[in-house]
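Q: Please explain the labels used for this model, setting each value against its definition.

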2 protein chains.
Amino acid sequence: MKTPSRAFKDAVYEQFARIGKAVSSPKRLELLDLLCQSEKTVESLAHEAGLTLANTSQHLQVLRSARLVDSEREGLYVTYRLSDPMVCEFFRSMRVLAENRLAELEMIKRRFLNGREGMEPVDRESLLQRVIEGHVTLLDVRPEGEYRAGHIPGALSVPLRRLKEILADLPPEQEIVAYCRGPYCVLSVFAVEMLRKEGFNAVRLEEGVQDFRAMGLPIDSEKEAR
Amino acid sequence: MKTPSRAFKDAVYEQFARIGKAVSSPKRLELLDLLCQSEKTVESLAHEAGLTLANTSQHLQVLRSARLVDSEREGLYVTYRLSDPMVCEFFRSMRVLAENRLAELEMIKRRFLNGREGMEPVDRESLLQRVIEGHVTLLDVRPEGEYRAGHIPGALSVPLRRLKEILADLPPEQEIVAYCRGPYCVLSVFAVEMLRKEGFNAVRLEEGVQDFRAMGLPIDSEKEAR
DNA sequence: TTATTATTCAACAAATCAATTGAATAATAA
DNA sequence: TTATTATTCAATTGATTTGTTGAATAATAA
């Protein structure tokens, strides 16, 4: 026999758990992280997360039933996006909690980066100023759509696959800073690797757009009429 | 065949999912919410959450393996506590996200409170001032240990079960504000119900200590030597 | 119309999880 | 020492979840 207040509490925590269940699967978290960068189609999400289409679709529906994402059909494609910027903040707070509490994360990161480019700390405070003054070239190596949805002011959009083509246009003696989706995205790692091989003085900025936004720094974006 | 960067990403999101899995069960969320108020023994957690001891113990071990809580043996009892105040902040951000995204929560709350005491909004800004000036009596109706761990300045500790005994000591003509663990805790609901039945002018403050802290308001606590 | 492409649905096997029960362990009291 | 109490462990059941297949649906193109 349940008292009314027990039934009330059970109902309340069951609602909270809807959010928890939605973020309890590694693949759904990866999808959510991708959607924090910009809206995307099922196909591109499936490709980026290394999932089959059917599986991606199912995970997205779980996220949608927890109201974390919305979807909209646009011609042949269905586009998914976060239902609220608050979802991105929540994901970030989960990431930060994991970084603080789970020492394994730091080890996983170190093991992957070992032998690859080092992690010279980039001075974020002065970065924007140095970009403005032309002392630094800042490259956003994410796909173009993510750059359009929001990027660090002064950054050039150079998706990783096009980096090779524009190498000749980069100032040979200037410091180059590359960034991507955040500390666990490998795009900027590969970009810096390639740039160094070509003789450039390149470093990686660990933070992504969401981190800059969370730090209260300005973000440029090209809002679409919708 | 997995590429190294796919293996890296899988490992990273698997770590994030450890947090997600820990907060994907309603009962674990209830335990976490209780631990946000103060440290507690397994027994008291089991009692408050309406669980068997064995079941409580297992849930607590899941929370511990995600490093969200720590435990310590103190004589006959094992005490559990949050491993970091950041865990409380994370739980709160999850709660706020659920409140904003899941309309069901508001409905559940309304259904429970319907017929019970209304929800006159309490002016939080001026509450502390009015308490100091003696215009309002503020009652903390949670168990004493939770009051000791942190309470709103000026509040009196009157655990619900002792409210009846001290009714005679309350100023009969003054407004009485009761609070407990937060919007989904029923202790203050019952307190206000009883006070009104006895003729007092009583209202419920929805916010709990964690909400006050998150709003940057001061919290009094009696730190134990440890 | 038919063909094509993107997405979703349905059904399944393997894995994981929640809650229950009863036994095992650890600290204290008699 | 034995008894008591609080907690954890182990084994079980039923329910849920993941990822895989292949079929079904929806929008567009030919």
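**Helix packing**

Q: What makes up the contact of H2(B) with H4(B)?
A: From H2(B) come Lys27(B), Arg28(B), Leu31(B), Leu32(B) and Leu35(B), which meet Thr56(B), His59(B), Leu60(B), Val62(B) and Leu63(B) in H4(B). Contact means heavy atoms within 4.5 Å; helices (H or I, at least four residues) and strands (E, at least two) are DSSP runs, numbered from the N terminus. By class, these residues divide into six nonpolar, two polar and two charged. Ala, Val, Leu, Ile, Met, Phe, Trp, Tyr, Cys and Pro count as nonpolar, Asp, Glu, Lys and Arg as charged, and the others, Gly among them, as polar.

Q: How were the values obtained?
A: This is a predicted model, in which local features need pLDDT of at least 70 and side-chain atom pairs count only at pLDDT 80 or more, while totals for chains, interfaces and linings use all residues. Residues are numbered from 1 along each chain as its sequence is written, chains are lettered from A and ligands numbered from 1 in the order in which they are written, and side-chain values use heavy atoms, leaving out hydrogens and water.

Q: Why is H2(B) called roughly perpendicular to H4(B)?
A: H2(B), residues 26-37, packs with H4(B) at an angle of about 75°, the axes being 10 Å apart. H2(B) is therefore roughly perpendicular to H4(B), as that label covers 65 to 115 degrees.

Q: Why does H5(A) get the label roughly perpendicular to H1(B)?
A: Between helix H5 of chain A (residues 85-101) and helix H1 of chain B (residues 4-22) the angle is about 100°, with axes 9 Å apart. H5(A) and H1(B) are therefore roughly perpendicular. The contact has seven nonpolar, one polar and one charged residues. In it, Phe91(A), Met94(A), Arg95(A), Leu97(A) and Ala98(A) of H5(A) meet Tyr13(B), Phe16(B), Ile19(B) and Gly20(B) of H1(B).

**Two arginines**

Q: Why is Arg101(B) called buried?
A: Arg101(B) is buried because its relative accessible area is 19%, and buried means under 20%, exposed over 50% and partly exposed in between (1.4 Å probe, protein chains only). This residue of H5(B) is in contact with Arg67(A), Ser83(A) and Asp84(A), leaving aside neighbours within four places in sequence. A polar atom of the Arg101(B) side chain lies 3.0 Å from the backbone oxygen of Arg67(A).

Q: What makes Arg67(A) partly exposed?
A: Arg67(A) counts as partly exposed because its relative accessibility is 29%. Arg67(A) is found in the loop between H4 and strand S2 (69-74) of chain A and has a positive phi of about 60° although it is not a glycine. Most residues other than glycine have a negative phi.

**DNA strand D**

Q: Which residues come nearest to DNA strand D?
A: Of the 24 residues around DNA strand D (near means a heavy atom within 4 Å), Arg28(A), His59(A), Glu43(B), Ser57(B) and Gln61(B) come nearest. Sugar and phosphate account for 71% of the strand D atoms that come within 4 Å of the protein. H4(B) gives the most to this surface, with five residues. By class, the surface has nine nonpolar, ten polar and five charged residues.

Q: How far is the side chain of Ser57(B) from a phosphate oxygen of DNA strand D?
A: A side-chain N or O atom of Ser57(B) is 2.9 Å from a phosphate oxygen of DNA strand D. For Tyr80(B), a polar side-chain atom lies 3.1 Å from a phosphate oxygen of the strand.

Methods
Polar contact = N/O pair within 3.5 Å; in protein donor to acceptor, adjacent residues only side chain to side chain. Axes fitted to C-alpha atoms, helices over the stretch in contact; angles between N-to-C directions. Parallel < 35°, antiparallel > 145°, perpendicular 65-115°, else oblique.
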